[in-house]
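User: Please take a close look at the surroundings of the ligand in this structure, and set that part in the context of the whole chain. I would like a connected account rather than a list.

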Amino acid sequence: MVQKGAEIAPANGKLGILLVGLGAVSTTFVAGIEAIKRGLAKPVGSLTQMGTIRLGKRTENRVPKIQDFVPLADLDDIVFGAWDIFRDNAFDAAMKAGVLEKDLLNQVSEQLSSLKPMSAVFERNYVKRLDGENVKTGKNKMELAEQLIEEISKFKIDNNCDRLVMIWAASTEIFLEPSEIHESLEAFEKAMYDNDERIAPSMIYAYAAIKSGVPFANGAPNLTVDIPALTKLAEETGVPICGKDFKTGQTLMKTILAPGLKSRMLGLDGWYSTNILGNRDGEVLDDPESFRTKEESKLSVLEQILQPEVYPDLYEDFSHVVRINYYPPRGDNKEGWDAIDIFGWLGYKMQIKIDFMCRDSILAAPLVLDLALFLDLAQRAGMRGVQEWLSFYFKSPQTPEKLYPEHDLFIQLKKLKNTLRHLKGEELITHLGLDYYD
Ligand SMILES: NC(=O)c1ccc[n+]([C@@H]2O[C@H](COP(=O)([O-])OP(=O)(O)OC[C@H]3O[C@@H](n4cnc5c(N)ncnc54)[C@H](O)[C@@H]3O)[C@@H](O)[C@H]2O)c1
């Protein structure tokens, strides 16, 4: 465990953010950073840029910005790298994604056009709805990993980076169950040489990152780095990792509302969630095997928050259904409906309806920034392995084995801020407050 008041190396020099997948989320993130750096927009939605942290007693009035409290990389010191199966540079990819207005993209076109994706590790078997030409070849999966490791090292030198982080923002892969080849590094590496089909491309990127000493976050629900072989490797080599699946849109709403219902001891009969979206992510999720990966990630949230085994009178056997429908006219502007059937005093029934007209990548981009900056901080503070304090950002937070994940957004935020206080040697905040009355 990292000690209270740990020594944190300064964030000097350049931080390279390596993005796997240069699609809607990644280009919205990169274009956003460039626009913010030029003062064209504000980093809305980013805790590292806009958030504050209370320190000490309420009477002390010490509430610095998080970025003034812990040493984080400066936006001006960030450089980007990416891999994608398509050759489009970030400007063309952003235009195709259609999230940001052309006017804004044109103002940062020079920076975006210079970001050209490296060739990807990709197999169609894992993302059935996609096929691209910018793909690596190699005689086995280990050889592909070695190519990535070489590219990572070259990127660092060419761009004069001090540190790197890698974020998976590529398409959702098919559902894979953990198996014996994911248990130990030895079995995992052998399976890479054997081209075992249980090693997905995302695992090859994660392996290459950890082997290179680069922190890794998984923004999609794929198994990826959530396997003992890679979590142990990360611990042994001092690399922070986290995942899975950015918490945006409907699941964000769920983890805001469900803790509120539970805190008032209101019961739940059912929660029906459906979405329409028309971006490439929606197209990929239209494939039942990719959707299954997403569904598992979305479904676990309510069970964990509501704890039916502890509160059978309120939450036993509630029905939870999640649907995603690919509907091209909406593009990235997803619409998510929730029909929630709750009950109160004496079992009297009530209903809540939510219609969230959201923008998927607008919600995800600030999460990419925060994860990159916090993972880099974690590494400079000597934190290693699974970073549960970053659960705040994920639908399926990765935890050590035998520890259930915490899904309640407010507990997640407290955990994150208390971790920052701990790192800086400040008292943790319990909110007890009785001493104010002595
Ligand atoms: N936007 C959100 O709110 C949100 C929330 C949670 C999770 N996610 C996940 O984030 C990921 C990215 O979402 P998006 O909207 O940007 O999707 P997108 O389809 O626009 O972009 C994904 C990109 O990844 C590329 N790709 C696929 N496999 C690859 C590989 N093996 N190597 C390199 N590139 C690869 C694709 O060509 C595509 O350009 C998806 O998995 C999505 O499910 C997004």
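Analyst: What follows begins at the ligand and then moves outward to the domains, the chain and a few individual places. The model is predicted, and the values below are computed from it.

The ligand is surrounded by 36 residues, and the closest of them are G21, G23, V25, A220 and R280. Two or more residues of this shell come from each of the elements α1 (24-37), β2 (78-84), α12 (280-285) and α15 (360-380), and α15 gives the largest share, with four residues. Sorted by class, the shell around the ligand holds 21 nonpolar residues, together with ten polar and five charged ones. Because domain 1 (14-246 + 361-423) and domain 2 (250-357) both contribute residues to the shell, the ligand lies between them.

That position leads to the two domains themselves. The domain assignment of the protein chain gives domain 1 as 14-246 + 361-423 and domain 2 as 250-357, and their centres, taken over C-alpha atoms, are separated by 26 Å. The contact between them draws 27 residues from domain 1 and 26 residues from domain 2. On the side of domain 1 that touches domain 2, the residues divide into twelve nonpolar, eight polar and seven charged.

The protein chain as a whole has 16 helices and eleven strands. Its radius of gyration is 22 Å, close to the 22 Å that the globule rule gives for 438 residues, so the protein chain is as compact as a globular protein of that length. The C-alpha trace spans about 65 × 50 × 50 Å along its principal axes, and buried residues make up 46% of the 438 residues. Of the contacts in the protein chain with a separation of 6 or more, 77% are accounted for by residues 24 or more positions apart.

Helix α8 (residues 185-193) shows how burial is arranged within a single element. In α8 the residues F188, A191 and M192 are buried, and, seen down the helix axis, the buried residues of α8 fall within an arc of 105°, so they line one face of the helix. The face of α8 turned away from that buried side carries the exposed residues E186 and Y193, while the cover over the buried residues of α8 includes α7 (141-158) and α10 (228-237). After α8 comes N195, whose phi is positive, near 55°.

Two single residues complete the account. R163 lies in strand β4 (residues 161-168); since 20 or more other C-beta atoms within 10 Å make a residue buried, R163, with 22 of them, is buried. Apart from its neighbours within four places in sequence, R163 is in contact with L15 and D376. The C-alpha atoms of R163 and L252 are separated by 31 Å, and these two residues are 89 residues apart along the chain.

L314, in turn, has its place in helix α14 (residues 312-315), and with 18 C-beta neighbours inside 10 Å L314 counts as partly exposed. Not counting residues up to four places away in sequence, L314 touches M265, G267 and L268. L314 and F343, which are 29 residues apart in sequence, are 8.3 Å apart in space, C-alpha to C-alpha.

Terms used: Residues are numbered from 1 along each chain as its sequence is written. This is a predicted model: local features need pLDDT of at least 70, side-chain atom pairs count only at pLDDT 80 or more; totals for chains, interfaces and linings use all residues. A residue is near a molecule or strand if its C-beta atom, placed from the backbone, lies within 6 Å of it. Ala, Val, Leu, Ile, Met, Phe, Trp, Tyr, Cys and Pro count as nonpolar, Asp, Glu, Lys and Arg as charged, and the others, Gly among them, as polar. Domain bounds come from an automatic or database domain assignment. The radius of gyration is taken over C-alpha atoms; the globule rule is 2.2 Å times the number of residues to the power 0.38. A residue is buried if 20 or more other C-beta atoms lie within 10 Å of its own, exposed if 12 or fewer, and partly exposed in between; C-beta atoms are placed from the backbone. Two residues are in contact if their C-beta atoms, placed from the backbone, lie within 7 Å. The arc is that of the directions from the helix axis to the C-beta atoms.
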